[in-house]
Amino acid sequence: MSSDVSAALRRLVAERAYGVCEYCLVHELDVYHGCEVAHVISVKHGGLTVPENLAYACFHCNRHKGTDLGSIGLRTGKFVGFFNPRSDRWKQHFYLNASHIEPLTEVGEVTSRMLEFNHPERLAFRRLLLGVGRYLTVEALARIGE
């Protein structure tokens, strides 16, 4: 299957995610570049362009993830795969402490570190969104199982 994402598939992925980045939970309307349909397992690694392998990701998360599948965990020194929005539950791997996304597992640690969830600029941006009531909409809370 081609890596091109049809308009219908793009709509399905965006609606399934409620317009929210499935990694950092920022709404597409709040980021300059919006959100993109991203391959969880990149085409380079054999990932298909099918709903089960696609996630909605903000520009920042998608660019930091790139075609990577994971990284070396700091605790064990072993390879750990990234959080997979299609098979993992966000709340199992992360805890949201105001604007700070705290990792709960090694998957969370690797994902948070590599996607730079808590980079000072991203923290400041989420604090700003929290201040105006734009971070973690009802839809986003439902998405992570609140």
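**Core, hairpin and pocket of a predicted model**

The largest nonpolar core holds 36 residues, and those that touch the most other members are Cys-21, Tyr-23, Cys-24, Cys-61, Ile-101, Phe-117 and Tyr-135. At least two residues of this core come from each of helix H1 (7-16), strand S1 (35-39), strand S2 (54-58), S5 and helix H4 (106-114), with S2 giving the largest share, five residues. The model is predicted, and the points below are grouped by topic.

**Strands S5 and S6**

- Along strand S5 (residues 94-97) the side chains alternate, so that Phe-94 and Leu-96 point to one face and are buried, whereas Tyr-95 and Asn-97 point to the other face and are not buried.
- Strand S6 (residues 100-103) pairs with S5 in the antiparallel sense over four bridges, and within S6 the bridge partner of Phe-94 is Pro-103.
- Two residues lie between the strands in this hairpin, where Ala-98 takes a positive phi near 60°.

**Contacts of Ile-101**

- When neighbours within four places in sequence are left aside, Ile-101 is in contact with residues including Phe-94, Tyr-95 and Leu-96, and also with Cys-24, Trp-90, Phe-117 and Tyr-135.

**The largest pocket**

- The largest pocket encloses about 170 Å³ of space, and its lining includes Cys-24, Cys-58, His-60, His-64, Glu-116, His-119, Glu-121 and Arg-122.
- Helix H2 (59-65) and helix H5 (120-131) are the elements that give two or more residues to this lining, and the largest share, four residues, comes from H5.
- By residue class, the lining of the largest pocket divides into five nonpolar, three polar and four charged residues.

How values were computed: Residues numbered from 1 in each chain as written. Predicted model: local features only at pLDDT ≥ 70, side-chain atom pairs only at ≥ 80, totals over all residues. Heavy atoms only, no water. Buried < 20%, exposed > 50% of the residue type's maximum accessible area, 1.4 Å probe, protein only. Pairing = 2+ DSSP bridges. 1 Å grid on protein atoms, 1.4 Å probe; cavity = no way out; pocket = protein on both sides within 12 Å on 5 of 7 lines; lining within 4 Å. Points joined across faces, edges and corners; volume = space filled by probe spheres on them. Nonpolar A, V, L, I, M, F, W, Y, C, P; charged D, E, K, R; others polar. Core = buried A, V, L, I, M, F, W, Y, C linked by side-chain atoms within 4.5 Å. Contact = heavy atoms within 4.5 Å.
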